Amino acid sequence: MARSDGDAPSLLLVMIPYGRQDISEADIQAVVEVLRSDFLTQGPTVPAFESAVAGYCGAQHAIAVNSATSALHIACLVLGVGPGDVVWTSPITFVASANCALYCGAQVDFVDIDPHTYNLSVERLAEKLAQAKKAGCLPKVVIPVHLCGQPCNMAGIHALSQRYGFKIIEDASHAIGGKYRGESIGNCRYSDIAVFSFHPVKIITTGEGGMALTNDESLAKRMELLRSHGITRDADEMTHAPDGPWYYQQIRLGFNYRMTDLQAALGLSQMQRLDEIVAKRHAIAKRYDQQLTALPVIVPWQHADSYSGLHLYVIRLKLGEISQTHRQVFEALRNEGIGVNLHYIPIYRQPYYEGLGFKVGQCPEAEDYYSAAVSLPMYPGLSEMQQNKVIETLRQVTSK
């Protein structure tokens, strides 16, 4: 306990975070076993983790990398995104969902969100595509984002891709363990590539890490190449016969985007508890749903076609029924030890994107969402006592 100069006890406020990793003794032991093995970086555990995720999701190929940002980048590259191309995504997501296209020299644009799911709106997408076709500037790739873990209307987006000829990368960073139409998110039934994140606050973690899944063998091979400097040791891919058994060739300009065996060991262990982890999140969300009904907030709406991974639990304040502003409510919760957050600021409102010509107000639904959204604590280790504190504090703050 901290003490003041007068040696009197000073109670420190313990913050309840909005998200937190869930690490078991089995997870720790799995990492220790790798530390005691012959492989710390690229060994047998990375492909084992890839196989486990691909098998769980029902995808043919999985490529583990050091972050979901890296996965999005190489996904764009193998789909041919480059200068002169345009990539569309949702404005309500982390900046990486858009930055990945800029890394490739392409341009980015945004499609407004659905007011119920907060995901990319299929209706707005259809309207924007019709306009873009007339203008001759259709997107090369569309990146729908499964915000909070709830899948987008992928069947609708896929149908539009067949009509307008764009490729699809599912940014499923929030969504491993969820389902769409009864099937695991990540199976790529409606997309070319799907991407997961394993950051500590996500559903499962590898510390830092990500993964790209696909059913296209050619895309998988090219992503494998790009994650490791563009270097191959496969004689069939070389420009001439190997000089000897030591030989390798760099055949593409690649990156060091590899995941280590240490990280993969943690992820592989966590995969064994994935369904349990998601179920715990659903139990917490159900209790929030029940306890918040009488408060001036809008609780998350879940589409009947989906089973969310529930990475986040986002409420929207009914500001017309509250005497305080959005910021005042947010700060009051923080001041009481509730580690609320806001996911996300519309990307186009970031100074870098404003420098590219984007303006405030471009996506009205995204603006409305941003004006009232608050992410409440949501993670498997959130105790009932802690959740009670969140609920009661929110009740007090919104009743002032």
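With which residues is Thr 214 in contact, leaving aside its neighbours within four places in sequence? In this predicted model, the residues in contact with Thr 214 under that condition are Ala 59, Gln 60, His 61, Cys 188, Asp 192, Ile 193, Leu 219, Ala 220 and Met 223. Thr 214 belongs to strand E9, which covers residues 210-214, and it counts as buried because its relative accessibility is 0%. The side chain of Thr 214 also reaches the backbone nitrogen of Asp 216, at a distance of 3.1 Å.

One of the residues in contact with Thr 214 is Cys 188, which is placed in the loop between E7 and strand E8 (193-197). Cys 188 is itself buried, with a relative accessible area of 5%, and its phi is near 60°, a positive value in a residue other than glycine. Most residues other than glycine have a negative phi, and most peptide bonds are trans. A positive phi, of about 55°, is found also at Arg 181, which is not a glycine. Arg 181 lies in the loop between E6 and E7 and, at 45% relative accessibility, counts as partly exposed. As for the peptide bonds, the one from His 343 to Tyr 344 is cis, with omega near 10°; Tyr 344 is located in the loop between helix H10 (326-335) and helix H11 (351-354).

The strands that flank Arg 181, E6 and E7, take part in an open sheet of 3 strands, ordered E7-E6-E13 and paired in the antiparallel sense. Strand E7 (183-184) and strand E13 (306-307) stand at the edges of this sheet, and each has a single partner strand, so one side of each is left without a neighbour in the sheet. Between strand E6 (residues 179-180) and E13 the antiparallel pairing extends over 2 bridges, and within it Tyr 180 stands opposite Ser 306 of E13.

A further open sheet is formed by 3 strands in the order E12-E14-E15, again with antiparallel pairing. Its edges are occupied by strand E12 (297-298) and strand E15 (373-376), each of which has a single partner strand, so that one side of each is left without a neighbour in the sheet. Strand E14 (residues 313-317) pairs with E12 over 2 bridges, in which Val 297 is partnered by Leu 317 and Ile 298 by Arg 316. E14 is joined to E15 by 4 bridges, and the partner of Ile 315 in E15 is Val 374. In a regular strand the side chains alternate between the two faces of the sheet. In E14 both faces are covered, since Tyr 313, Ile 315 and Leu 317 on one side and Val 314 and Arg 316 on the other are all buried. With 5 of its 5 residues buried, E14 is therefore largely enclosed by the rest of the structure.

Among the helices, H5 (residues 122-135) contains Leu 125, which counts as buried because its relative accessibility is 0%. Neighbours within four places in sequence aside, Leu 125 is in contact with Trp 88, Val 111, Leu 120, Val 142, Ile 157 and Leu 160. Of these, Ile 157 is 32 residues away from Leu 125 in sequence, while the C-alpha atoms of the two residues are 8.1 Å apart in space.

The pockets were examined next. The largest pocket holds about 430 Å³ of space; it is lined by 26 residues, of which Phe 94, Ser 197, His 199, Lys 202 and Tyr 344 are the closest to its centre. Tyr 344 is thus a residue of this lining as well as the second residue of the cis peptide bond from His 343. Helix H3 (68-78) and helix H4 (96-103) each supply at least two residues of the lining, and H3 gives the most, with 3 residues. The lining of the largest pocket divides into 10 nonpolar, 13 polar and 3 charged residues.

The second largest pocket has a volume of about 340 Å³, and of the 17 residues that line it, Glu 224, Leu 225, Arg 227, Ser 228 and Ile 231 are the closest to its centre. At least two residues of this lining come from each of helix H2 (45-57), helix H7 (217-226) and strand E10 (231-232). In the second largest pocket, the lining comprises 5 nonpolar, 4 polar and 8 charged residues.

Technical notes
Residues numbered from 1 in each chain as written. Predicted model: local features only at pLDDT ≥ 70, side-chain atom pairs only at ≥ 80, totals over all residues. Heavy atoms only, no water. Buried < 20%, exposed > 50% of the residue type's maximum accessible area, 1.4 Å probe, protein only. Polar contact = N/O pair within 3.5 Å; in protein donor to acceptor, adjacent residues only side chain to side chain. Contact = heavy atoms within 4.5 Å. 1 Å grid on protein atoms, 1.4 Å probe; cavity = no way out; pocket = protein on both sides within 12 Å on 5 of 7 lines; lining within 4 Å. Points joined across faces, edges and corners; volume = space filled by probe spheres on them. Nonpolar A, V, L, I, M, F, W, Y, C, P; charged D, E, K, R; others polar. Pairing = 2+ DSSP bridges.
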